[in-house]
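The report below describes one protein model for a reader who works with atomic coordinates. It begins with a single residue and its surroundings, then turns to the core, one helix, two loop residues and the confidence of the model.

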Amino acid sequence: MVEVLVIALVAVLCVGALYVASGARVIRQYERGVVLRLGRLRDDVRLPGFTMVVPGVDRLRKVNMQIVTMPVPAQDGITRDNVTVRVDAVIYFKVVDPSSAVIAVEDYRFAVSQMAQTSLRSIIGKSDLDDLLSNREKLNEGLEVMIDSPAVSWGVQIDRVEIKDVSLPETMKRSMARQAEADRERRARVINADAELQASKKLAQAAGEMSEQPAALQLRLLQTIVAVAAEKNSTLVLPFPVELLRFLERAQQPAVEGAGTRRTGRQSSVNGATAQPQSSSGNGSPLPEAEAPLPETRTSEEPAAPPAPTPPAAPSSAEQPFAHH
């Protein structure tokens with residue numbers, strides 16, 4: 001009889017031990033435990049460590065409290081300035097209220113993912129292309145606010161949202177490349193113009209200094225000759241002063257003006273010698289006149305002016321063969 005009681009007691013103890021072992025739970029440091037007893041939420045949240053639940057009565061849900069990194073799938077959208085883009089992002093969030101994360105939403109990860117996609121599409125339609133490319137900090141803040149507003153009721157806190165990549169059409173990329181190239185060319189031209197202006201000012205100052213010291217110009221000429229000779233020894237440099245060219249040009253102008261004046265005087269003298277009045281007889285009939293020889297005209301220019309030709313004398317009545325007495 002005693003042996004039967006001992007065996008029964010040992011069996012009860014074994015069953016009790018198994019029952020207690022089945023209710024033992026271990027919660028990790030980054031987790032929190034939410035207990036549902038007969039379907040109802042218990043107010044106390046189980047902290048990390050060893051805890052016990054009633055087997056068959058309690059149900060323990062472990063909630064991860066770490067920051068979750070979730071990529072947002074790329075979304076196609078049209079910006080406010082009618083440019084088709086493809087944008088993807090990444091979202092960082094964590095659970096701050098384990099009870100709400102279990103009770104308020106069926107799957108908080110899936111809910112946050114869908115909210116991030118819709119918010120990303122909305123932010124694309126409200127923004128310009130330039131904002132997507134250069135003002136991402138402001139867009140990230142706006143996207144974070146849009147996702148965090150409904151996520152608060154789920155016991156989830158949005159830590160950060162980042163736009164990863166913005167894909168543009170090939171035509172838009174070529175247009176932007178041409179625009180950037182034109183802008184760089186414009187800046188290069190402005191820089192060259194500023195450089196020419198500064199160089200001209202420095203050259204004007206140098207010319208003023210050299211005008212006060214004429215020997216400085218000769219020294220500069222000799223330096224130039226040395227520089228050219230150092231590069232190509234076979235090159236022969238013969239400096240020719242510019243002042244000599246100017247002197248020859250000034251000396252040639254009076255000679256050309258004097259030649260033009262002499263040519264004009266000779267032409268007027270020739271015209272005066274050939275134009276003579278016609279003589280008439282007593283009864284008014286015209287008589288033939290002797291042709292006066294034309295003076296020789298010089299074709300080549302001479303330094304001395306030629307003597308002025310004398311006009312021929314009018315023929316007398318005795319020399320006229322058909323004169324009437």
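Leaving aside neighbours within four places in sequence, Asp 58 is in contact (heavy atoms within 4.5 Å) with Val 35, Leu 36, Arg 37 and Val 53. This is a predicted model, in which local features need pLDDT of at least 70 and side-chain atom pairs count only at pLDDT 80 or more, while totals for chains, interfaces and linings use all residues. Residues are numbered from 1 along each chain as its sequence is written, and side-chain values use heavy atoms, with hydrogens and water left out.

Asp 58 belongs to strand E5 (residues 58–64), where strands are DSSP runs of E of at least two residues and helices are runs of H or I of at least four, both numbered from the N terminus. With a relative accessible area of 10%, Asp 58 is buried; buried means under 20%, exposed over 50% and partly exposed in between, with a 1.4 Å probe and protein chains only. The side chain of Asp 58 also makes a polar contact with the side chain of Arg 37, at 2.5 Å. A polar contact here is a pair of N or O atoms within 3.5 Å; within protein, one must be able to donate a hydrogen and the other to accept it, and residues adjacent in sequence count only if both atoms are side-chain atoms.

The protein as a whole has eight helices and eight strands, and of its 325 residues 20% count as buried. Among contacts between residues at least 6 apart in sequence, 64% join residues at least 24 apart.

The largest nonpolar core (buried Ala, Val, Leu, Ile, Met, Phe, Trp, Tyr and Cys residues joined through side-chain atoms within 4.5 Å) has 35 residues, and those with the most contacts inside it include Ile 91, Tyr 108 and Leu 120. Helix H3 (108–126) is among the elements that each supply at least two residues of this core, and H3 gives the most, with seven residues. Ile 91 is in contact, beyond four places in sequence, with residues including Val 112, Ala 116, Ile 147 and Ile 158.

The buried residues of H3, among them Tyr 108, Val 112, Ala 116 and Leu 120, pack against E5, E6, E7, H2, H5 and E8. Asp 107 caps the N-terminal end of H3, a side-chain oxygen lying 3.3 Å from the backbone nitrogen of Arg 109. The end C-alpha atoms of H3 are 27 Å apart, which agrees with the 27 Å that its 19 residues should span at 1.5 Å a residue; the expected span is 1.5 Å times one less than the number of residues.

Most residues other than glycine have a negative phi. The table lists two residues with a positive phi.

| Residue | Phi | Loop between | Relative accessibility |
|---|---|---|---|
| Leu 38 | about 55 degrees | E2 (31–37) and E3 (40–46) | 68%, exposed |
| Asn 82 | about 60 degrees | E6 (68–78) and E7 (84–95) | 66%, exposed |

Confidence is expressed as pLDDT, the predictor's confidence in each residue from 0 to 100; the protein averages 77, and 74% of the residues score at least 70. Confidence is highest in E7, at a mean of 92, and lowest in helix H8 (residues 242–274), at 64. Over residues 273–308 pLDDT stays under 50, and the model has 25 contacts beyond four places in sequence for them, whereas residues 310–325, where pLDDT likewise stays under 50, have eight such contacts.
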